[in-house]
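Reader: Please take one helix packing in this model and describe it closely, with the cut-offs behind each term, before placing it in its wider surroundings.

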Amino acid sequence: MTTPTISPTTSPESPELAAAPRAPVAMATRVPVRTPAALLVLLGVSLALIEVALWWIAARTPSDIVLGLSQKIFYFHVGSAFAMLLCLTSASFLSLADLLRPDDRADALAQSLLEVGVIFALCILTSGPLWARKAWGMYWTWEPRLTLTLLVTLLAVSVIALRAMSADSGTGRRVGAAMAVMGAPASYLIHVAVKWWGGTHPQVIQGGGIQNADMRIAFWLAVFGLLTFAAALTATRYRDLRLKQRGRAIRLNLSAHQLRQRRA
Amino acid sequence: MTVARITWLLLKKDLRIAARSREMLGFTLLFAVLCVIVFAFGFLQEGAATAGYVPGVLWVTLLFSSSVSLLRLFAPEEEGGTLDLVSSTAAGTLPLFISKATMQLLFTGLVTVVVLPLVLLFFNTELKGFGQTAAALGLGLVGMATVGTLCSALLVHVRLREVLLPLVLYPTVAPLLISGVKVTSIALAEGEGTGDWLTLMLIFDLLFVVASPWLHGRALQR
């Protein structure tokens with residue numbers, strides 16, 4: 001007789017529970033549980049492109065007259081730089097979109113892009129110094145693009161950390177998004193500042209371009225391989241985050257449903 | 001009530017708290033002084049601290065001491081549990097942001113007034129090109145206070161924020177630090193060509209003075 005019941009008058013319904021739909025199963029976020037075939041195809045294509053690019057670089061491209069073998073790092077280095085820039089810029093814009101108009105998809109995609117961007121930034125920060133040791137005689141200089149990449153990577157890592165350390169997911173999401181939005185103009189100004197500082201980064205793409213046809217093919221193979229690989233990684237993480245969002249929604253709806261049943 | 005009126009009320013409250021408990025300002029100043037001394041030890045060469053390090057020591061000390069006071073910027077609201085109240089005024093979160101940023105600017109301004117002569121004294125340097133240095137310090141402090149207040153406000157609900165604040169703040173204000181050091185070293189050498197750097201700092205300030213209150217309001221809405 002004395003089982004604890006929740007009386008309708010004394011239990012304050014949390015805003016989240018009040019907002020939950022009446023149906024017991026989440027309908028709001030439909031995410032396919034099975035891995036979509038398109039994702040597997042994308043992953044396959046990217047890995048194939050990277051394989052061909054590796055073969056092309058190893059077997060077809062000539063060695064650089066001045067730099068020798070070490071020049072071959074260039075293909076994957078620049079490809080990773082493209083991928084990083086694309087990922088981090090779009091993450092910033094998607095965060096802005098999410099701040100202006102909250103959308104679970106924009107949020108999940110921004111978070112995935114940010115994380116994938118950091119992975120490629122680490123690739124750049126590893127391959128760059130290895131090449132620089134051969135070409136410039138030292139692993140690191142405070143050259144504009146190096147400085148920019150390092151600072152932008154640190155910013156992106158701290159946005160991810162910030163989000164992980166937030167007390168509740170709602171605040172973390174908005175705070176992380178605000179930081180990601182702030183990162184874009186900050187990165188641009190860092191770019192200007194370090195450029196005026198002066199530096200010696202090779203300007204292949206903006207400069208004369210690649211003269212050798214085999215080198216050009218290898219370059220574009222590597223770029224498209226890495227970009228599709230970045231897309232596949234992002235899509236995988238995005239699916240993971242969407243499934244987590246769905247899981248949360250189902251749990252929330254279920255507890256809301258149980259609460260209502262107990263009251264009825 | 002208008003934005004200005006609420007801002008003034010909030011600022012007056014913070015000023016009163018700061019005036020009654022003088023520890024925070026005192027400790028921040030002490031920290032800044034210690035920072036300069038430690039730098040002087042670090043850069044001692046043949047018994048004398050080298051003049052070439054003055055711009056770097058000055059700006060890094062300002063950055064470090066500003067992060068010390070930023071960590072305590074929202075402390076009165078947190079300890080009193082009134083953060084939600086002061087964020088939900090009739091004019092939104094804007095008054096809170098302006099009052100806190102002004103507070104931070106006052107704090108770091110006072111620190112600068114103490115630190116600048118001290119650095120010059122310890123590093124045996126004469127102050128030349130005062131106008132340029134003052135302009136750079138002014139622009140730099142406004143920018144650091146604005147971005148710093150935004151970071152501090154966003155980190156209020158975050159665990160380990162003492163560690164995270166520098167992680168977010170330092171890369172973001174890097175343009176100010178680079179330009180500030182550059183302007184100060186040019187000014188001390190009585191050189192030319194600080195205009196571009198000061199313009200860069202001005203653009204940074206304008207951008208973040210507009211963007212930061214907006215981002216603050218967006219991120220902390222309920």
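Author: What follows begins with one pair of helices and then turns to other sites and to the contact between chains.

This is a predicted model, in which local features need pLDDT of at least 70 and side-chain atom pairs count only at pLDDT 80 or more, whereas totals for chains, interfaces and linings use all residues. Residues are numbered from 1 along each chain as its sequence is written, chains are lettered from A and ligands numbered from 1 in the order in which they are written, and side-chain values use heavy atoms, with hydrogens and water left out.

In chain A, the axes of helix 5 (residues 144-164) and helix 6 (residues 169-196) come within 10 Å and cross at roughly 170 degrees (helices being DSSP runs of H or I with at least four residues, and angles running from 0 to 180 degrees between N-to-C directions of lines fitted to C-alpha atoms over the stretch in contact). Helix 5 of chain A is therefore roughly antiparallel to helix 6 of chain A, a term for angles over 145 degrees. Where they are in contact (heavy atoms within 4.5 Å), helix 5 of chain A contributes residues including P144(A), L148(A), L151(A), L155(A) and R163(A), while those of helix 6 of chain A include G172(A), V175(A), M179(A), G183(A), I190(A) and K195(A). By class, this contact has 12 nonpolar, six polar and three charged residues.

T153(A) also has its place in helix 5 of chain A, and with 6% relative accessibility T153(A) counts as buried (under 20% relative accessible area, with a 1.4 Å probe and protein chains only). Beyond neighbours within four places in sequence, T153(A) is in contact with A121(A) and L125(A).

Further along chain A, D214(A) lies in helix 7 (residues 213-263). Although D214(A) and A59(A) are 155 residues apart in sequence, their C-alpha atoms are 9.9 Å apart in space. Leaving out residues up to four places away in sequence, D214(A) touches W56(A), R60(A), T61(A) and P62(A).

As for the contact between chains, 29 residues of chain A and 30 residues of chain B take part, and the area buried between chain A and chain B is about 2,800 Å², with 81% given by carbon and sulfur atoms (the accessible area, 1.4 Å probe, that two parts lose on being put together, summed over both). In chain A, M165(A), M182(A) and L189(A) lose the most area to chain B, together 22% of what that side buries.

How values were computed:
Helices (H or I, at least four residues) and strands (E, at least two) are DSSP runs, numbered from the N terminus. Angles under 35 degrees count as roughly parallel, over 145 as roughly antiparallel, 65 to 115 as roughly perpendicular and the rest as oblique. Ala, Val, Leu, Ile, Met, Phe, Trp, Tyr, Cys and Pro count as nonpolar, Asp, Glu, Lys and Arg as charged, and the others, Gly among them, as polar. Buried means under 20% relative accessible area, exposed over 50%, partly exposed in between (1.4 Å probe, protein chains only).
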